[in-house]
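Colleague: Please take a close look at one part of this model for me. I would like to hear about the pocket, set against the rest of the protein.

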Amino acid sequence: GGTNSGSLLRLFQSEYFDVRLHMHYLLSMENAGVQDYLVNALYKMEDDDVDYYLPQLCQLAVLRYRTSSLHHFIKDKASRSVHFALKIHWLLLGEVEDKRHDRRAAAQA
């Protein structure tokens, strides 16, 4: 319990915790407290890094809509930047279209 949480926090705050590890833990850790910490840390991330991982962030925001605050970060990013708003729009539209295609293919099978 507490030791594991403390170890994670030390890792998250260490100099070794880079963007790649951030994304790994955001994907692999479903604990609400860990998710909230990692999502809040996204606000400190460079825009170029967020931009690079935006497809994964958008997909994860959709998949974990009920269990993560990631969708709030995505909305905040879109509200502050036309660049991010347009990219997020297209990424989410693609996600919806993929789901629509999957349902159509399943219905025809």
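**Charges, fold and pocket**

Modeller: Start with charge. The protein carries 13 positive and 14 negative side chains. The centres of these two sets lie 7 Å apart. Keep in mind that this is a predicted model.

Now the frame around the pocket. The protein has seven helices and zero strands. Along the sequence the pattern reads α-α-α-α-α-α-α. Taken along the principal axes, the C-alpha atoms fill a box of roughly 50 × 35 × 20 Å.

Next, the packing. The protein has 109 residues, and 31% of them count as buried. Consider contacts between residues at least 6 apart in sequence: 55% of these join residues at least 24 apart. The accessible surface comes to about 7,600 Å². Carbon and sulfur atoms account for 54% of that surface.

Then the pocket itself. A general point helps here. Rolling a probe the size of a water molecule over the atoms shows where empty space is left. The largest pocket has a volume of about 200 Å³. Which residues line the largest pocket? The lining consists of F12, F17, D18, V19, H22, Y37, A41, K44 and M45. Two helices stand out as contributors. α2, spanning 19-28, supplies at least two residues of this lining. α3, spanning 32-42, also supplies at least two. V19 and H22 are in the lining, and their numbers fall within the 19-28 span of α2. Y37 and A41 are lining residues too, with numbers inside the 32-42 span of α3.

Charge returns at this site. The lining includes D18 and K44, and Asp counts as negative and Lys as positive.

Conventions:
Residues are numbered from 1 along each chain as its sequence is written. This is a predicted model: local features need pLDDT of at least 70, side-chain atom pairs count only at pLDDT 80 or more; totals for chains, interfaces and linings use all residues. Side-chain values use heavy atoms; hydrogens and water are left out. Helices (H or I, at least four residues) and strands (E, at least two) are DSSP runs, numbered from the N terminus. Buried means under 20% relative accessible area, exposed over 50%, partly exposed in between (1.4 Å probe, protein chains only). Contact means heavy atoms within 4.5 Å. Accessible areas come from the Shrake-Rupley method with a 1.4 Å probe; for residues, only the protein chains shown count as cover. The place of a charge is taken as NZ of Lys, CZ of Arg, CG of Asp or CD of Glu. On a 1 Å grid over the protein atoms alone, a cavity is a set of points where a 1.4 Å probe fits but cannot get out, and a pocket is an open set with protein on both sides within 12 Å along at least five of seven lines; lining residues have an atom within 4 Å of a point. Grid points are joined across faces, edges and corners, and a volume is the space filled by probe spheres set on the points.
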